[in-house]
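User: Please take a close look at the empty spaces in this protein model and at what lines them. I would also like to know how the parts of the chain meet.

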Amino acid sequence: MVQRTYRNPSNQQHGVIIPIGQGRFRAYFIFHHGSQDSLSGSKDEVAFVAGCATAGGCAEWFEGAERIGPLATFNAADRWVADPYREGVVLIGDAAASSDPSFGAGLSLSFRDVRVLRDLLIANEDWLTAAQSYAREHDRYYGSLHQQHDWARELFFQRGPEAEAKRAIALPKLADDPSRRPDVLALGPDAPSDEFVRRRFFGLDYYKRIIVAAIR
Ligand SMILES: Cc1cc2nc3c(=O)[nH]c(=O)nc-3n(C[C@H](O)[C@H](O)[C@H](O)COP(=O)(O)OP(=O)(O)OC[C@H]3O[C@@H](n4cnc5c(N)ncnc54)[C@H](O)[C@@H]3O)c2cc1C
């Protein structure tokens, strides 16, 4: 089986199955906070498979499967610190910003923190300047990632008539043209996240970028 990502827009549930080699897979079932009980341990295996099915997957995919790792529920909220440097202490990784794990960006963000901080420490004799620059840069790139995850949360996970109306406009356009979705999985915080991109994602792009050429 290749990686499967599926989503049920009618209940805002969502699932991912990722092959990790040697006939093993990691399976995720993502549901709205408070919409059902947390799942944990072997007593909830049946409920987990049923949940994957209501999320748009298929219970038959799990036939004959054996659980070899923990089954646990996590609160998929973003938590972050603004300006992650103070008094000689720099925060990196989840300590600086733990991004919603349902978008799968946390480890890349942690590696980026390490790279950015390393480069600044090497480039600056003055480590106070390096640490302050890191904190500013972290605010910028985590802010961009957070913004894009917020759009996806708003479109795919929010509930109620207003959210349904947004989906009725956006989802058919996204199905017709997947490039409307910012490529945050591949580009992370570097995916463009301006107002033009937001409007295309939500299917509200009734204006277009205007390219003006100056001709002598
Ligand atoms: C369910 C789930 C799914 C995820 N899926 C993805 C994914 O698909 N892709 C992705 O990129 N990211 C994913 N993430 C996020 C990713 O796991 C984290 O962003 C990443 O592990 C953060 O690395 P870290 O080193 O900052 O923190 P951690 O990996 O949490 O490491 C911190 C370590 O410090 C140890 N520690 C804590 N306190 C102390 C102490 N007082 N003394 C000594 N040691 C201590 C902990 O035991 C731990 O080993 C997921 C997270 C969750 C919860």
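Analyst: What follows covers a pocket, then a cavity, then the contact between two domains.

The model is predicted. I begin with the second largest pocket, whose volume is about 510 Å³. Its lining is made up of 25 residues, and those closest to the centre of the pocket are G104, A105, G106, L107 and S108. Which helices each supply at least two residues of this lining? They are α2, which covers residues 106-123, α3, which covers 127-157, and α5, which covers 184-187. Of the lining of the second largest pocket, α2 provides the largest share, with six residues. Sorted by class, the lining of this pocket holds 12 nonpolar residues, nine polar ones and four charged ones.

Next comes the closed space. How many cavities of 30 Å³ or more are there? The count is one. The space in the largest cavity is about 50 Å³. Around the largest cavity are F103, Q148, H149, A152, R181, P182 and V184. The helix α3 gives the most to this lining, namely three residues. By class, four residues of the lining of the largest cavity are nonpolar, two are polar and one is charged. The helix α3 therefore appears in both descriptions: it supplies at least two residues of the lining of the second largest pocket, and it gives three residues to the lining of the largest cavity, where helices are taken as DSSP runs of at least four residues.

The last topic is the division of the chain. Domain 1 runs over residues 4-62, and domain 2 runs over residues 79-201. Between the C-alpha centres of domain 1 and domain 2 there are 25 Å. Where the two domains meet, eight residues of domain 1 are in contact with nine residues of domain 2. The size of an interface is often given as the accessible area that is lost when the parts come together. For domain 1 and domain 2, the buried area is about 800 Å², and carbon and sulfur atoms give 55% of this area. Which three residues supply more than any other three of the area that domain 1 buries against domain 2? They are R7, Q12 and H32, with 60% of that area. As for salt bridges between domain 1 and domain 2, the count is zero.

Technical notes
Residues numbered from 1 in each chain as written. Predicted model: local features only at pLDDT ≥ 70, side-chain atom pairs only at ≥ 80, totals over all residues. Heavy atoms only, no water. 1 Å grid on protein atoms, 1.4 Å probe; cavity = no way out; pocket = protein on both sides within 12 Å on 5 of 7 lines; lining within 4 Å. Points joined across faces, edges and corners; volume = space filled by probe spheres on them. Nonpolar A, V, L, I, M, F, W, Y, C, P; charged D, E, K, R; others polar. Domains from an automatic or database assignment. Contact = heavy atoms within 4.5 Å. Buried area = accessible area lost by both parts, 1.4 Å probe. Salt bridge = Lys/Arg side-chain N within 4 Å of Asp/Glu carboxyl O.
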